[in-house]
Amino acid sequence: MSCAKTADHFKLLTGPYAGQCVTVDGPEYECAAGLGANLGIFDPQAILEQNFYCDTYGIDLISYATTVAFIMECYERGQISQKDMGGLDLRFGNSQASLELMHQMSRGEGFGPIAGLGVKKLKKLFVEKYGADEKLLNDIGMENKGLEYSEYLHKESLAQQGGFALTNKGPQHDEAWLIFMDMVNNQIPTFEDKAYALFYYPMFRTWFGLCGLCKLPWNDIVPADNHLTNTPAKVPEHVQNYVDIFNAVTGKSIDKDELIRQSERVYNFQRVFNIRMGKGLREHDAAPYRSLGPVTKEEYLSRQERYDTQLRELQGLDPEQMTLDEKIAATRTYRERQFELLTDSVYKRRGWTNDGVPKPEHLKSIGMDLPILLEIVEPLL
Amino acid sequence: MIKVNTKESNWSEGMTVQDLLDEKQFVFKHIIVRVNGVYVPPEMHAAFQINDGDNVMVVHLMAGG
(Lines give C-alpha, C1' and ligand atoms only; values in the text may rest on other atoms or scores of the structure.)
Protein backbone atom coordinates (compact mmCIF):
# COMPACT_ATOMS: atom_id res chain seq x y z
CA MET A 1 0.00 0.00 0.00
CA SER A 2 1.35 3.39 -0.93
CA CYS A 3 -0.27 6.66 0.05
CA ALA A 4 2.50 8.83 -1.40
CA LYS A 5 1.90 10.33 -4.82
CA THR A 6 4.85 12.47 -5.75
CA ALA A 7 5.82 14.76 -8.62
CA ASP A 8 9.63 14.79 -8.89
CA HIS A 9 11.90 17.45 -10.45
CA PHE A 10 9.10 20.00 -10.33
CA LYS A 11 10.36 23.51 -11.10
CA LEU A 12 8.74 26.29 -9.05
CA LEU A 13 7.92 29.59 -10.72
CA THR A 14 6.99 31.82 -7.75
CA GLY A 15 7.79 32.52 -4.12
CA PRO A 16 10.98 32.13 -2.11
CA TYR A 17 11.97 28.90 -3.88
CA ALA A 18 11.33 30.15 -7.45
CA GLY A 19 13.62 28.45 -9.95
CA GLN A 20 14.36 25.46 -7.71
CA CYS A 21 13.37 21.91 -8.58
CA VAL A 22 11.49 20.17 -5.79
CA THR A 23 9.48 17.04 -5.05
CA VAL A 24 5.79 17.72 -4.46
CA ASP A 25 3.91 15.28 -2.25
CA GLY A 26 0.70 15.38 -4.22
CA PRO A 27 -1.67 16.34 -5.62
CA GLU A 28 -3.99 14.08 -3.70
CA TYR A 29 -7.59 14.21 -4.91
CA GLU A 30 -8.74 16.80 -2.39
CA CYS A 31 -5.83 18.98 -3.51
CA ALA A 32 -6.68 18.65 -7.19
CA ALA A 33 -10.36 19.41 -6.56
CA GLY A 34 -9.81 22.24 -4.08
CA LEU A 35 -6.86 24.01 -5.66
CA GLY A 36 -8.02 23.20 -9.18
CA ALA A 37 -11.65 22.93 -10.19
CA ASN A 38 -13.08 24.77 -7.17
CA LEU A 39 -10.90 27.79 -7.99
CA GLY A 40 -11.52 27.50 -11.72
CA ILE A 41 -7.85 26.60 -12.18
CA PHE A 42 -7.12 23.85 -14.69
CA ASP A 43 -3.35 24.34 -15.07
CA PRO A 44 -1.46 21.39 -13.51
CA GLN A 45 1.62 23.57 -12.90
CA ALA A 46 -0.41 26.03 -10.83
CA ILE A 47 -2.16 23.26 -8.88
CA LEU A 48 1.15 21.59 -8.01
CA GLU A 49 2.79 24.89 -7.08
CA GLN A 50 -0.07 25.81 -4.73
CA ASN A 51 0.11 22.27 -3.31
CA PHE A 52 3.85 22.65 -2.65
CA TYR A 53 3.55 26.00 -0.94
CA CYS A 54 0.59 24.92 1.22
CA ASP A 55 2.73 22.05 2.49
CA THR A 56 5.85 24.21 2.83
CA TYR A 57 4.10 27.03 4.66
CA GLY A 58 2.09 24.65 6.85
CA ILE A 59 -1.25 25.88 5.52
CA ASP A 60 -4.12 23.40 5.60
CA LEU A 61 -4.82 22.81 1.95
CA ILE A 62 -8.55 22.09 2.18
CA SER A 63 -9.21 25.12 4.39
CA TYR A 64 -7.13 27.28 2.04
CA ALA A 65 -8.86 26.07 -1.10
CA THR A 66 -12.40 26.33 0.29
CA THR A 67 -11.67 29.77 1.75
CA VAL A 68 -10.21 31.12 -1.50
CA ALA A 69 -13.13 29.71 -3.49
CA PHE A 70 -15.44 31.58 -1.09
CA ILE A 71 -13.46 34.81 -1.53
CA MET A 72 -13.48 34.44 -5.31
CA GLU A 73 -17.23 33.91 -5.35
CA CYS A 74 -17.83 36.89 -3.07
CA TYR A 75 -15.68 39.00 -5.41
CA GLU A 76 -17.35 37.81 -8.60
CA ARG A 77 -20.81 38.34 -7.08
CA GLY A 78 -19.87 41.92 -6.16
CA GLN A 79 -19.91 41.37 -2.41
CA ILE A 80 -16.33 42.61 -1.99
CA SER A 81 -14.08 44.65 -4.27
CA GLN A 82 -10.54 44.31 -5.58
CA LYS A 83 -9.58 47.15 -3.25
CA ASP A 84 -10.93 45.14 -0.27
CA MET A 85 -8.46 42.40 -1.24
CA GLY A 86 -5.48 44.74 -1.24
CA GLY A 87 -5.53 44.97 -5.03
CA LEU A 88 -5.46 41.24 -5.75
CA ASP A 89 -7.68 40.26 -8.67
CA LEU A 90 -8.97 37.08 -7.06
CA ARG A 91 -11.37 35.98 -9.76
CA PHE A 92 -11.96 32.32 -10.61
CA GLY A 93 -9.09 30.94 -12.65
CA ASN A 94 -6.48 33.49 -11.60
CA SER A 95 -3.82 31.12 -10.29
CA GLN A 96 -1.18 33.85 -10.00
CA ALA A 97 -3.44 35.85 -7.67
CA SER A 98 -4.02 32.75 -5.56
CA LEU A 99 -0.28 32.08 -5.32
CA GLU A 100 0.42 35.70 -4.41
CA LEU A 101 -2.28 35.49 -1.72
CA MET A 102 -0.63 32.35 -0.34
CA HIS A 103 2.77 34.07 -0.18
CA GLN A 104 1.18 37.09 1.51
CA MET A 105 -0.47 34.72 3.99
CA SER A 106 2.88 33.16 4.86
CA ARG A 107 4.50 36.58 5.37
CA GLY A 108 1.54 38.01 7.28
CA GLU A 109 1.26 40.83 4.76
CA GLY A 110 -1.49 42.47 2.70
CA PHE A 111 -4.74 40.52 2.33
CA GLY A 112 -3.02 37.29 3.42
CA PRO A 113 -3.72 37.37 7.15
CA ILE A 114 -7.31 38.47 6.51
CA ALA A 115 -7.96 35.55 4.14
CA GLY A 116 -6.21 33.35 6.69
CA LEU A 117 -9.05 33.95 9.15
CA GLY A 118 -11.07 31.34 7.26
CA VAL A 119 -14.65 31.31 6.01
CA LYS A 120 -16.46 31.67 9.35
CA LYS A 121 -14.72 34.90 10.35
CA LEU A 122 -14.61 36.23 6.78
CA LYS A 123 -18.40 35.99 6.52
CA LYS A 124 -18.76 38.25 9.56
CA LEU A 125 -16.03 40.60 8.36
CA PHE A 126 -17.41 40.97 4.83
CA VAL A 127 -20.90 41.70 6.17
CA GLU A 128 -19.84 44.15 8.86
CA LYS A 129 -17.04 45.93 6.99
CA TYR A 130 -18.10 45.81 3.35
CA GLY A 131 -21.88 45.50 3.62
CA ALA A 132 -22.05 42.08 1.98
CA ASP A 133 -25.36 40.18 1.87
CA GLU A 134 -25.39 38.14 5.10
CA LYS A 135 -27.92 35.58 3.88
CA LEU A 136 -26.02 34.90 0.66
CA LEU A 137 -22.73 34.55 2.52
CA ASN A 138 -24.25 32.15 5.04
CA ASP A 139 -25.64 30.07 2.16
CA ILE A 140 -22.40 29.87 0.15
CA GLY A 141 -19.83 29.96 2.97
CA MET A 142 -18.82 26.32 3.24
CA GLU A 143 -17.98 25.96 6.92
CA ASN A 144 -19.47 24.23 9.91
CA LYS A 145 -18.19 24.77 13.46
CA GLY A 146 -15.53 27.02 11.95
CA LEU A 147 -13.94 24.33 9.79
CA GLU A 148 -14.04 24.55 6.01
CA TYR A 149 -15.74 21.70 4.11
CA SER A 150 -13.68 19.25 2.09
CA GLU A 151 -14.32 19.00 -1.59
CA TYR A 152 -16.94 16.33 -2.29
CA LEU A 153 -20.09 17.54 -4.07
CA HIS A 154 -22.26 16.03 -1.37
CA LYS A 155 -25.46 18.07 -1.65
CA GLU A 156 -27.04 15.20 -3.59
CA SER A 157 -26.39 12.74 -0.75
CA LEU A 158 -28.45 13.31 2.39
CA ALA A 159 -26.35 10.82 4.36
CA GLN A 160 -23.13 12.63 3.46
CA GLN A 161 -24.70 15.97 4.38
CA GLY A 162 -25.06 14.47 7.85
CA GLY A 163 -21.62 12.89 7.57
CA PHE A 164 -20.14 16.36 7.31
CA ALA A 165 -22.36 18.48 9.56
CA LEU A 166 -23.42 16.08 12.34
CA THR A 167 -19.86 15.73 13.59
CA ASN A 168 -17.86 16.87 16.58
CA LYS A 169 -14.86 18.17 14.70
CA GLY A 170 -16.48 19.82 11.70
CA PRO A 171 -17.03 18.77 8.10
CA GLN A 172 -14.46 16.14 7.15
CA HIS A 173 -14.91 12.69 5.66
CA ASP A 174 -12.67 10.95 8.15
CA GLU A 175 -15.76 9.93 10.15
CA ALA A 176 -18.34 8.98 7.59
CA TRP A 177 -17.83 8.67 3.86
CA LEU A 178 -21.24 7.48 2.81
CA ILE A 179 -21.74 8.83 -0.72
CA PHE A 180 -21.44 5.46 -2.44
CA MET A 181 -23.52 3.60 0.12
CA ASP A 182 -26.19 6.28 -0.09
CA MET A 183 -26.33 7.36 -3.72
CA VAL A 184 -24.95 4.49 -5.80
CA ASN A 185 -25.59 1.35 -3.78
CA ASN A 186 -28.73 2.84 -2.20
CA GLN A 187 -28.04 0.60 0.79
CA ILE A 188 -29.33 3.09 3.35
CA PRO A 189 -32.66 4.34 1.95
CA THR A 190 -34.52 5.22 5.17
CA PHE A 191 -33.76 7.80 7.83
CA GLU A 192 -33.16 4.94 10.27
CA ASP A 193 -30.68 3.31 7.86
CA LYS A 194 -28.82 6.55 7.42
CA ALA A 195 -28.87 7.20 11.17
CA TYR A 196 -27.35 3.77 11.81
CA ALA A 197 -24.61 4.44 9.24
CA LEU A 198 -24.01 7.81 10.86
CA PHE A 199 -23.64 6.02 14.16
CA TYR A 200 -21.59 2.97 13.16
CA TYR A 201 -19.06 4.42 10.73
CA PRO A 202 -18.07 7.49 12.79
CA MET A 203 -17.60 5.18 15.78
CA PHE A 204 -15.61 2.60 13.84
CA ARG A 205 -13.44 5.22 12.20
CA THR A 206 -12.90 7.11 15.47
CA TRP A 207 -11.41 3.92 16.89
CA PHE A 208 -8.47 4.13 14.47
CA GLY A 209 -7.61 7.50 15.93
CA LEU A 210 -7.91 6.18 19.49
CA CYS A 211 -5.47 3.37 18.79
CA GLY A 212 -3.13 5.16 16.42
CA LEU A 213 -3.83 2.76 13.56
CA CYS A 214 -4.21 3.51 9.86
CA LYS A 215 -7.70 2.84 8.53
CA LEU A 216 -6.66 2.27 4.93
CA PRO A 217 -5.97 -1.47 5.33
CA TRP A 218 -9.62 -1.71 6.41
CA ASN A 219 -11.13 -0.07 3.35
CA ASP A 220 -8.48 -0.45 0.65
CA ILE A 221 -7.71 -4.17 0.97
CA VAL A 222 -10.60 -6.54 0.32
CA PRO A 223 -10.43 -10.10 1.71
CA ALA A 224 -11.01 -12.73 -0.98
CA ASP A 225 -14.22 -13.99 0.61
CA ASN A 226 -15.62 -10.61 1.66
CA HIS A 227 -18.40 -10.88 -0.90
CA LEU A 228 -19.80 -13.90 0.93
CA THR A 229 -20.36 -12.00 4.18
CA ASN A 230 -23.66 -10.42 5.18
CA THR A 231 -22.16 -6.96 5.65
CA PRO A 232 -19.43 -6.57 3.00
CA ALA A 233 -19.35 -2.76 3.41
CA LYS A 234 -18.11 -3.24 6.97
CA VAL A 235 -15.41 -5.72 5.85
CA PRO A 236 -16.06 -8.05 8.85
CA GLU A 237 -12.78 -9.97 8.55
CA HIS A 238 -10.81 -6.76 8.99
CA VAL A 239 -12.99 -5.70 11.92
CA GLN A 240 -12.11 -9.00 13.62
CA ASN A 241 -8.44 -8.50 12.70
CA TYR A 242 -8.45 -5.18 14.53
CA VAL A 243 -10.17 -6.77 17.54
CA ASP A 244 -7.49 -9.52 17.56
CA ILE A 245 -4.64 -7.01 17.26
CA PHE A 246 -6.07 -4.96 20.13
CA ASN A 247 -6.43 -8.03 22.33
CA ALA A 248 -2.95 -9.32 21.46
CA VAL A 249 -1.26 -6.00 22.24
CA THR A 250 -3.20 -5.10 25.42
CA GLY A 251 -3.93 -8.53 26.87
CA LYS A 252 -7.59 -7.55 27.13
CA SER A 253 -10.49 -9.46 25.66
CA ILE A 254 -12.80 -7.18 23.74
CA ASP A 255 -15.20 -7.99 20.90
CA LYS A 256 -16.40 -5.92 17.95
CA ASP A 257 -19.22 -4.37 20.02
CA GLU A 258 -16.83 -3.24 22.72
CA LEU A 259 -14.64 -1.73 19.99
CA ILE A 260 -17.57 0.51 19.02
CA ARG A 261 -18.31 1.33 22.66
CA GLN A 262 -14.71 2.46 23.20
CA SER A 263 -15.24 5.05 20.48
CA GLU A 264 -18.68 5.95 21.74
CA ARG A 265 -17.28 6.85 25.14
CA VAL A 266 -14.78 9.21 23.56
CA TYR A 267 -17.24 10.59 21.02
CA ASN A 268 -19.75 11.48 23.71
CA PHE A 269 -17.02 12.96 25.89
CA GLN A 270 -16.03 15.13 22.91
CA ARG A 271 -19.65 16.13 22.36
CA VAL A 272 -20.02 17.28 25.94
CA PHE A 273 -16.68 19.07 25.71
CA ASN A 274 -18.00 20.93 22.65
CA ILE A 275 -21.17 21.84 24.54
CA ARG A 276 -19.09 23.17 27.39
CA MET A 277 -17.19 25.30 24.87
CA GLY A 278 -20.45 26.62 23.40
CA LYS A 279 -20.44 24.62 20.16
CA GLY A 280 -22.10 21.26 20.67
CA LEU A 281 -25.83 21.82 20.19
CA ARG A 282 -28.21 21.39 17.28
CA GLU A 283 -27.74 24.95 16.08
CA HIS A 284 -24.02 24.21 15.66
CA ASP A 285 -24.75 21.15 13.52
CA ALA A 286 -26.61 23.29 10.99
CA ALA A 287 -25.24 23.15 7.45
CA PRO A 288 -24.84 26.02 4.99
CA TYR A 289 -27.52 25.63 2.33
CA ARG A 290 -25.01 24.99 -0.43
CA SER A 291 -24.24 21.77 1.44
CA LEU A 292 -27.89 20.74 1.07
CA GLY A 293 -29.01 22.07 -2.29
CA PRO A 294 -28.66 24.62 -5.09
CA VAL A 295 -28.33 28.18 -3.77
CA THR A 296 -28.21 30.15 -7.00
CA LYS A 297 -30.08 30.10 -10.29
CA GLU A 298 -26.93 28.93 -12.07
CA GLU A 299 -26.63 26.00 -9.68
CA TYR A 300 -30.23 24.97 -10.23
CA LEU A 301 -30.00 25.34 -13.99
CA SER A 302 -26.76 23.36 -14.14
CA ARG A 303 -28.72 20.27 -13.01
CA GLN A 304 -32.22 21.39 -13.94
CA GLU A 305 -33.36 18.02 -15.23
CA ARG A 306 -32.39 16.32 -11.99
CA TYR A 307 -34.00 18.95 -9.76
CA ASP A 308 -37.18 19.19 -11.86
CA THR A 309 -37.53 15.41 -11.70
CA GLN A 310 -37.18 15.53 -7.92
CA LEU A 311 -39.91 18.18 -7.70
CA ARG A 312 -42.19 15.82 -9.60
CA GLU A 313 -41.26 12.55 -7.93
CA LEU A 314 -40.56 13.65 -4.37
CA GLN A 315 -42.99 16.51 -3.93
CA GLY A 316 -45.69 15.89 -6.55
CA LEU A 317 -45.17 19.35 -8.07
CA ASP A 318 -45.30 20.31 -11.73
CA PRO A 319 -42.10 22.22 -12.58
CA GLU A 320 -43.59 23.27 -15.92
CA GLN A 321 -46.02 25.48 -14.02
CA MET A 322 -43.38 27.03 -11.74
CA THR A 323 -40.95 29.91 -12.13
CA LEU A 324 -37.26 29.27 -11.51
CA ASP A 325 -37.44 31.12 -8.19
CA GLU A 326 -40.42 29.00 -7.14
CA LYS A 327 -38.57 25.81 -8.04
CA ILE A 328 -35.49 26.88 -6.09
CA ALA A 329 -37.65 27.78 -3.08
CA ALA A 330 -39.62 24.51 -3.16
CA THR A 331 -36.40 22.49 -3.45
CA ARG A 332 -34.94 24.36 -0.52
CA THR A 333 -37.96 23.86 1.72
CA TYR A 334 -37.95 20.13 0.97
CA ARG A 335 -34.23 19.60 1.41
CA GLU A 336 -33.95 21.60 4.61
CA ARG A 337 -36.82 19.54 6.02
CA GLN A 338 -35.05 16.31 5.01
CA PHE A 339 -31.91 17.44 6.80
CA GLU A 340 -33.88 18.24 9.95
CA LEU A 341 -35.54 14.80 9.87
CA LEU A 342 -32.14 13.19 9.39
CA THR A 343 -30.79 15.14 12.35
CA ASP A 344 -33.70 13.90 14.50
CA SER A 345 -32.97 10.29 13.53
CA VAL A 346 -29.22 10.56 14.07
CA TYR A 347 -29.60 12.16 17.51
CA LYS A 348 -32.06 9.44 18.52
CA ARG A 349 -29.69 6.69 17.38
CA ARG A 350 -26.77 8.28 19.19
CA GLY A 351 -28.75 8.56 22.46
CA TRP A 352 -28.94 12.35 22.36
CA THR A 353 -31.83 14.74 22.98
CA ASN A 354 -33.49 16.58 20.11
CA ASP A 355 -31.10 19.44 20.81
CA GLY A 356 -28.08 17.18 20.42
CA VAL A 357 -27.27 16.72 24.12
CA PRO A 358 -26.16 13.24 25.26
CA LYS A 359 -28.83 11.88 27.63
CA PRO A 360 -27.65 10.93 31.15
CA GLU A 361 -29.09 7.43 30.77
CA HIS A 362 -27.12 6.96 27.56
CA LEU A 363 -23.93 8.18 29.22
CA LYS A 364 -24.60 5.68 32.01
CA SER A 365 -25.13 2.83 29.53
CA ILE A 366 -21.67 3.36 28.04
CA GLY A 367 -19.98 3.95 31.39
CA MET A 368 -19.58 7.68 30.92
CA ASP A 369 -21.94 9.06 33.57
CA LEU A 370 -19.08 11.00 35.05
CA PRO A 371 -19.96 13.96 37.33
CA ILE A 372 -17.92 16.28 35.12
CA LEU A 373 -20.14 15.39 32.15
CA LEU A 374 -23.46 15.19 33.98
CA GLU A 375 -23.04 18.68 35.41
CA ILE A 376 -22.89 19.98 31.82
CA VAL A 377 -25.76 17.99 30.27
CA GLU A 378 -28.33 17.90 33.08
CA PRO A 379 -29.13 21.64 33.05
CA LEU A 380 -29.82 21.32 29.29
CA LEU A 381 -32.48 18.60 29.54
CA MET B 1 -39.78 -4.58 -13.52
CA ILE B 2 -36.97 -5.58 -11.21
CA LYS B 3 -35.45 -3.98 -8.15
CA VAL B 4 -31.88 -2.73 -8.35
CA ASN B 5 -30.45 -1.52 -5.06
CA THR B 6 -33.98 -1.19 -3.63
CA LYS B 7 -35.21 0.98 -6.53
CA GLU B 8 -37.57 -0.05 -9.35
CA SER B 9 -35.79 -0.61 -12.64
CA ASN B 10 -36.79 -1.73 -16.12
CA TRP B 11 -36.38 -5.38 -17.09
CA SER B 12 -36.17 -6.92 -20.55
CA GLU B 13 -36.40 -10.52 -21.77
CA GLY B 14 -33.03 -12.27 -21.63
CA MET B 15 -31.36 -9.59 -19.52
CA THR B 16 -28.11 -10.79 -17.94
CA VAL B 17 -26.23 -9.40 -14.95
CA GLN B 18 -23.65 -7.99 -17.35
CA ASP B 19 -26.37 -6.27 -19.39
CA LEU B 20 -27.63 -4.61 -16.23
CA LEU B 21 -24.14 -3.51 -15.16
CA ASP B 22 -23.57 -2.06 -18.64
CA GLU B 23 -26.92 -0.28 -18.66
CA LYS B 24 -26.31 1.26 -15.24
CA GLN B 25 -22.69 2.01 -16.14
CA PHE B 26 -21.48 0.20 -13.04
CA VAL B 27 -17.83 -0.25 -13.97
CA PHE B 28 -16.14 -0.13 -10.55
CA LYS B 29 -13.63 -2.95 -10.07
CA HIS B 30 -14.68 -4.05 -6.58
CA ILE B 31 -18.31 -4.80 -7.12
CA ILE B 32 -20.53 -7.48 -5.59
CA VAL B 33 -23.72 -8.65 -7.30
CA ARG B 34 -26.46 -10.57 -5.54
CA VAL B 35 -29.68 -11.68 -7.21
CA ASN B 36 -32.42 -12.53 -4.71
CA GLY B 37 -29.69 -12.75 -2.08
CA VAL B 38 -27.55 -15.23 -4.03
CA TYR B 39 -24.01 -14.13 -4.89
CA VAL B 40 -23.21 -14.11 -8.62
CA PRO B 41 -19.44 -14.39 -9.23
CA PRO B 42 -17.88 -12.13 -11.91
CA GLU B 43 -17.26 -15.04 -14.30
CA MET B 44 -21.02 -15.68 -14.31
CA HIS B 45 -22.11 -12.08 -15.01
CA ALA B 46 -22.34 -12.57 -18.79
CA ALA B 47 -24.38 -15.78 -18.53
CA PHE B 48 -26.56 -15.26 -15.46
CA GLN B 49 -30.07 -14.26 -16.50
CA ILE B 50 -32.19 -11.92 -14.44
CA ASN B 51 -35.90 -12.73 -14.26
CA ASP B 52 -38.80 -10.32 -14.07
CA GLY B 53 -39.39 -9.35 -10.44
CA ASP B 54 -35.89 -10.24 -9.24
CA ASN B 55 -34.25 -8.29 -6.46
CA VAL B 56 -30.73 -7.29 -7.50
CA MET B 57 -28.14 -5.73 -5.20
CA VAL B 58 -25.04 -4.25 -6.78
CA VAL B 59 -22.71 -3.20 -3.99
CA HIS B 60 -19.68 -1.04 -4.73
CA LEU B 61 -17.03 -1.76 -2.12
CA MET B 62 -15.79 1.75 -1.71
CA ALA B 63 -15.52 3.19 1.75
CA GLY B 64 -13.46 6.32 1.10
CA GLY B 65 -10.29 7.59 2.76
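The following exchange asks how some descriptions of this predicted model are reached.

This is a predicted model, in which local features need pLDDT of at least 70 and side-chain atom pairs count only at pLDDT 80 or more, while totals for chains, interfaces and linings use all residues. Residues are numbered from 1 along each chain as its sequence is written, and chains are lettered from A and ligands numbered from 1 in the order in which they are written.

User: Why is A:His9 called exposed?

Analyst: A residue is buried if 20 or more other C-beta atoms lie within 10 Å of its own, exposed if 12 or fewer, and partly exposed in between, with C-beta atoms placed from the backbone. A:His9 has 8 other C-beta atoms within 10 Å, so A:His9 counts as exposed.

User: What makes B:Asn5 partly exposed?

Analyst: B:Asn5 has 19 other C-beta atoms within 10 Å, and therefore falls in between the two cut-offs. B:Asn5 also has a positive phi of about 50°, although it is not a glycine.

User: How do you know whether the radius of gyration of chain B agrees or disagrees with that of a compact globule?

Analyst: The radius is taken over C-alpha atoms, and the globule rule is 2.2 Å times the number of residues to the power 0.38. With 65 residues the rule gives a value near 11 Å, and chain B has 11 Å, so the two agree.

User: Which kinds of residue form the side of chain A that touches chain B?

Analyst: That side has nine nonpolar, six polar and no charged residues, where Ala, Val, Leu, Ile, Met, Phe, Trp, Tyr, Cys and Pro count as nonpolar, Asp, Glu, Lys and Arg as charged, and the others, Gly among them, as polar.
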